[in-house]
Amino acid sequence: MKLLVTGAAGFIGFHTALRLCSEGHQVVGIDNLNDYYSVDLKLARLARLHAVAGFTFRKLDIANRAALFALFHEHRFERVIHLAAQAGVRYSLDNPHAYADANLTGFVNVLEGCRQGGVQHLVYASSSSVYGMNAKVPFAVTDAVDNPISLYAATKRANELMAHTYAHLYRIPITGLRFFTVYGPWGRPDMAPFKFTKAILEGQPIDLYNGGDMSRDFTYIDDVVEGIVRIQDRPPPYADESERTRQGATDRLFNIGLGSPVRLLDFVGCIESAIGIEANKQMKPMQPGDVPRTWADVSALAERTGFRPVTPLQDGVARFVDWYRAFYGA
């Protein structure tokens with residue numbers, strides 16, 4: 001098949017494009033290569049992708065409607081995996097317009113491209129951030145998610161509502177995936193695994209927010225990609241009698257997480273063990289927009305695909321540290 005992967009120079013997009021090409025698909029990857037984090041890291045990912053048969057790259061911003069529509073018209077994609085977005089909870093406090101441009105304007109452009117291009121299935125990235133301060137755990141896709149506590153989370157919830165509307169109006173099969181703290185080789189520098197590993201190796205202190213009293217459902221990148229690939233091959237069916245409450249919409253939502261939250265201090269301990277150095281920990285108060293815990297109920301994903309994430313934290317962290325040391329010569 002011919003697929004579009006947006007955000008192909010990003011962490012998840014890079015791994016997803018590699019996997020799809022390895023299975024013989026033709027993949028067109030797009031990315032605007034913004035400087036939210038190291039462009040050099042993004043270019044290094046692209047260098048790996050350029051060496052793979054079946055991959056083509058275009059530098060393109062999804063907020064550029066004309067350019068995106070021209071791409072859809074040129075290629076007639078069968079499926080789209082939309083992973084481009086302005087990420088980060090804390091960054092949204094200082095740069096809200098970046099989120100409006102990428103996550104709102106960009107997303108409706110992708111939806112319109114899929115509608116006009118007759119795409120068979122759109123898979124897009126949502127986030128565990130939509131659950132906000134939900135007290136019920138584990139978080140399930142059937143939970144109410146109407147109280148986001150960051151602009152980033154609000155844009156991701158808006159994406160889910162926009163997708164539902166397009167699925168209902170135009171019968172486009174659409175699947176949203178709520179990712180839970182994805183980590184692994186080639187990961188983002190603004191994420192805790194990368195920041196902690198870098199600081200420990202450089203002898204710098206690490207900041208633990210909320211006094212370290214936080215937990216996350218850390219999910220290894222290979223598990224996330226496996227979920228994406230299986231889901232993209234299973235478009236939602238047109239609504240039947242059991243789906244009347246969704247008013248005929250052809251969209252679904254799934255969590256992708258390990259389903260086993262880990263205390264932040266225990267996570268740091270895994271990094272310390274992998275590196276062989278104890279971290280200098282500095283306790284900080286909770287950051288605005290942050291949540292104390294995340295925990296994924298992945299039963300819906302397992303029922304739909306026969307798969308649930310399986311990589312133990314210790315193994316995933318060790319692989320990340322090995323990659324970091326090799327890539328940066330640390």
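User: In this predicted model, what makes the approach of the R304 side chain to the backbone oxygen of R234 a polar contact?

Analyst: A polar atom of the R304 side chain lies 3.1 Å from the backbone oxygen of R234. The cut-off for a pair of N or O atoms is 3.5 Å, so the pair counts as a polar contact. The backbone oxygen of P235 also has a polar atom of the R304 side chain 2.9 Å away, and that value too is within 3.5 Å.

User: Why is R304 called partly exposed?

Analyst: Its relative accessible area is 32%. Buried requires under 20% and exposed requires over 50%, so 32% falls in between. R304 lies in helix α10, residues 299-305.

User: Which residues is R304 in contact with, leaving aside its neighbours within four places in sequence?

Analyst: The list is I231, R234, P235, P236, P237 and F254. I231 is 73 residues from R304 in sequence, and the two C-alpha atoms are 8.0 Å apart.

User: How do you know that K156 has no salt bridge?

Analyst: The nearest side chain of opposite charge is E160, 8.7 Å away. A salt bridge needs a separation within 4 Å, so K156 has none. K156 is nevertheless buried. This lysine is found in helix α6, residues 151-170.

User: What lies 2.9 Å from a polar atom of the K156 side chain?

Analyst: The backbone oxygen of A125 does. The distance is within 3.5 Å, so it counts as a polar contact. Leaving aside neighbours within four places in sequence, K156 is in contact with A85, A125, S126, S127 and V130.

User: Why is β11 described as largely enclosed by the rest of the structure?

Analyst: Six of the six residues of β11 are buried, so the description follows. D251, L253 and N255 point one way from the strand, while R252, F254 and I256 point the other way.

User: What makes β11 an edge strand?

Analyst: The open sheet has seven strands in the order β3-β2-β1-β4-β5-β6-β11, with parallel pairing. β11 (251-256) pairs on one side only, as does β3 (55-59). From one strand to the next the twist averages 20 degrees.

User: How do you know that β6 and β11 pair?

Analyst: Six bridges join them in the parallel sense. At least two are needed, so the two strands count as paired. T175 stands opposite R252 in β11.

User: Which strands does helix α8 lie across?

Analyst: Helix α8 (residues 221-232) lies across β1, β4, β5, β6 and β11, and runs at about 170 degrees to β6.

How values were computed:
Residues numbered from 1 in each chain as written. Predicted model: local features only at pLDDT ≥ 70, side-chain atom pairs only at ≥ 80, totals over all residues. Heavy atoms only, no water. Helix = DSSP H or I, 4+ residues; strand = E, 2+ residues; numbered from the N terminus. Buried < 20%, exposed > 50% of the residue type's maximum accessible area, 1.4 Å probe, protein only. Lys, Arg positive; Asp, Glu negative; His and termini not counted. Polar contact = N/O pair within 3.5 Å; in protein donor to acceptor, adjacent residues only side chain to side chain. Contact = heavy atoms within 4.5 Å. Axes fitted to C-alpha atoms, helices over the stretch in contact; angles between N-to-C directions.
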